[in-house]
Amino acid sequence: MAPKSICTTSSSDHGEFVMSTKSLILHGLAAAAALAVGAHAYFYYHRSTTKFRSRVVAIIPARFASTRFPGKPLVEILGKPMIQRTWERAKLATTLDCVVVATDDERIAECCQGFGAEVIMTAESCRNGAERCSEALQKLKKKYDIVVNIQGDEPLIEPEIIDGIVKALQTTPDAVFSTAVTSLKPEDAFDPNRVKCVVDNRGYAIYFSRGLIPFNKSGKANPEFPYNLHLGIQSYDSKFLKIYPDLTPTPLQLEEDLEQLKVLENGYKMKVIKVDHDAHGVDTPEDVAKLENFMRERNLS
C-alpha cells in the first residue's frame, strides 16, 4: 500500500444501488460537464484536469461534550480509545492522501497526538461535524478536492466503504456530497439514534430521518421492505464544504437534527451507495459493551 502523505497545518494555526466491501457498482455516471444544482451552486467540471476531484483528505471530527455520551471519542474499546480505532481503520483506505482529527478539546488532541495522529484544533462553536470539517479544511496548508467526514463513533468502519464514497463523488460531478447506507436491522426500525435514508432509482438521496422511512399505513415495519440505515461517513466537494456553514439552517434539518437535510433542502445533490456492512456505531454507553462482545466473538483486536 502506498504511504500516506503528511497533512501539515498552516503556520498561522495551532447502477445498481449496491456495493460489497470488496467491490462497488457505480451507476449514473456523468460523461460531460455538469452544473451542480442548488441556490448557491457554482461547482463545475474541468475537462482539462487529468482526474476529477483527485486530492482527498479524511477528517475525523471529535468533540468531548456530547449530550448523550460525554467523552465518547476517548472511551476504550478493548483497550484502545475509540478515536484511535477509527483513525487506524481510516488509514487503510487507498483513496486517501491523509487522515487528520479535528477537535475543540485538548484531552482529545493529546490522546490523538499520543498515537501519532495529526490534530487540528477547531472552535467550540461548530454546530456539527460538517462545520468542524469545514474549519479544519481551511487550516490545512495543502489543497484538497474532496473531504471525507468519518464519524469517530464507527470504530469498525471498513476502508472499502471509505474508498467507495470517494469514488462515487469522483464519478458523479453533479453531486456535491456522497454517503453510504446499509440494510437496516429489524430491531433498529424505531430507534431514533439509527438514521434511515430513502434513495431514488439513480442512487441520489431523497430524504433522511430518525423515524422509519418509508412508513406504511399499518404503523409497523414491513419485514419484506429493504429499509436503509445511514452510516456515519460522508464525503464533500471541498468547494461546497467551504460554503456549507454559511447556508441558513433549514426547517427539516432543525426538526430531525440531521446535517444532511440542510444539503438536500438547499437543492444540492447527494450520491448514495449501498454496502454490505454490519454497522456497530457507538451512540450510547450501552453500545460499548455490545461492540466489545461483537469484537471478541470475531477475534478482532
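These are legends for a set of close-up views of a predicted model.

**View 1. The whole protein, before we zoom in.** Here you're looking at 301 residues, of which 55% are buried. The fold is built from 8 helices and 11 strands. About 14000 Å² of the protein is exposed, and 52% of that comes from carbon and sulfur atoms.

**View 2. The largest nonpolar core takes in 41 residues.** The residues with the most contacts inside this core are Leu96, Val101, Cys112, Val148, Ile150, Ile162 and Ile233. Plenty of elements chip in two or more residues, including strand 1 (56-62), helix 1 (82-90), strand 6 (146-150) and strand 10 (228-237). Helix 4 (159-170) is on that list too, and helix 4 gives the most, with 6 residues.

**View 3. Ile233 and what it touches.** Zoom in on Ile233, one of the residues with the most contacts inside the largest core. Skip its neighbours within four places in sequence, and Ile233 is still in contact with Val148, Asn149, Ile150, Ile157, Ile161, Ile162, Ile165, Thr179 and Ala180. Apart from the core shown in the previous view lies another one, with 35 residues, among them Ala102, Tyr144, Phe208 and Leu247.

**View 4. Arg132 and Asp104 pair up in a salt bridge.** Side chains of opposite charge can pair when their charged atoms come close. In this pair, N and O are 3.6 Å apart. Arg132 sits in helix 3 (residues 129-138), while Asp104 is in the loop between strand 4 and helix 2, so the bridge links parts of the chain 28 residues apart. Is Arg132 buried or exposed? Arg132 is buried, because its relative accessible area is 3%, under the 20% cut-off. Asp104 has a relative accessible area of 19%, and it counts as buried as well.

**View 5. Two more salt bridges, and a network.** The structure holds 13 salt bridges. In one of them, Glu135 meets Lys139 with N and O 2.9 Å apart; Glu135 is partly exposed, at 21% relative accessible area. Another joins Lys185 to Asp278, again with 2.9 Å between the closest N and O atoms. Lys185 lies in the loop between strand 7 (177-183) and strand 8 (196-199), and Asp278 in the loop between strand 11 (270-274) and helix 8 (285-297), so this bridge ties together parts that are 93 residues apart in sequence. Both ends are partly exposed: Lys185 has a relative accessible area of 28% and Asp278 one of 34%. Look also for Asp188, Arg194 and Asp283, which are linked in a network of salt bridges.

**View 6. Phe177 meets Tyr236 edge-to-face.** A search of the whole structure turns up 5 aromatic pairs. In this one, the ring centres are 5.0 Å apart and the planes stand at 90°, so the pair counts as edge-to-face. Phe177 belongs to strand 7 and Tyr236 to strand 10, which puts the partners 59 residues apart. Both rings belong to buried residues: Phe177 has a relative accessible area of 1%, and Tyr236 comes in at 0%.

**View 7. An aromatic cluster, and lysines over rings.** Phe240, Tyr244 and Tyr268 form one aromatic cluster. Tyr244 has a charged visitor too: the charged end of Lys262 sits over its ring, 4.0 Å from the centre. Elsewhere, Lys271 lies over the face of Tyr204, at 4.8 Å from the ring centre.

Definitions and conventions
Residues are numbered from 1 along each chain as its sequence is written. This is a predicted model: local features need pLDDT of at least 70, side-chain atom pairs count only at pLDDT 80 or more; totals for chains, interfaces and linings use all residues. Side-chain values use heavy atoms; hydrogens and water are left out. A nonpolar core is a set of buried Ala, Val, Leu, Ile, Met, Phe, Trp, Tyr and Cys residues joined through side-chain atoms within 4.5 Å. Buried means under 20% relative accessible area, exposed over 50%, partly exposed in between (1.4 Å probe, protein chains only). Helices (H or I, at least four residues) and strands (E, at least two) are DSSP runs, numbered from the N terminus. Contact means heavy atoms within 4.5 Å. A salt bridge is a side-chain nitrogen of Lys or Arg within 4 Å of a carboxyl oxygen of Asp or Glu. Accessible areas come from the Shrake-Rupley method with a 1.4 Å probe; for residues, only the protein chains shown count as cover. Rings of Phe, Tyr and Trp (its six-membered ring) pair if their centres lie within 6.5 Å; planes under 30 degrees apart count as stacked, over 60 as edge-to-face and the rest as tilted. A charge sits over a ring if NZ of Lys or CZ of Arg is within 6 Å of the ring centre and within 35 degrees of the ring normal.
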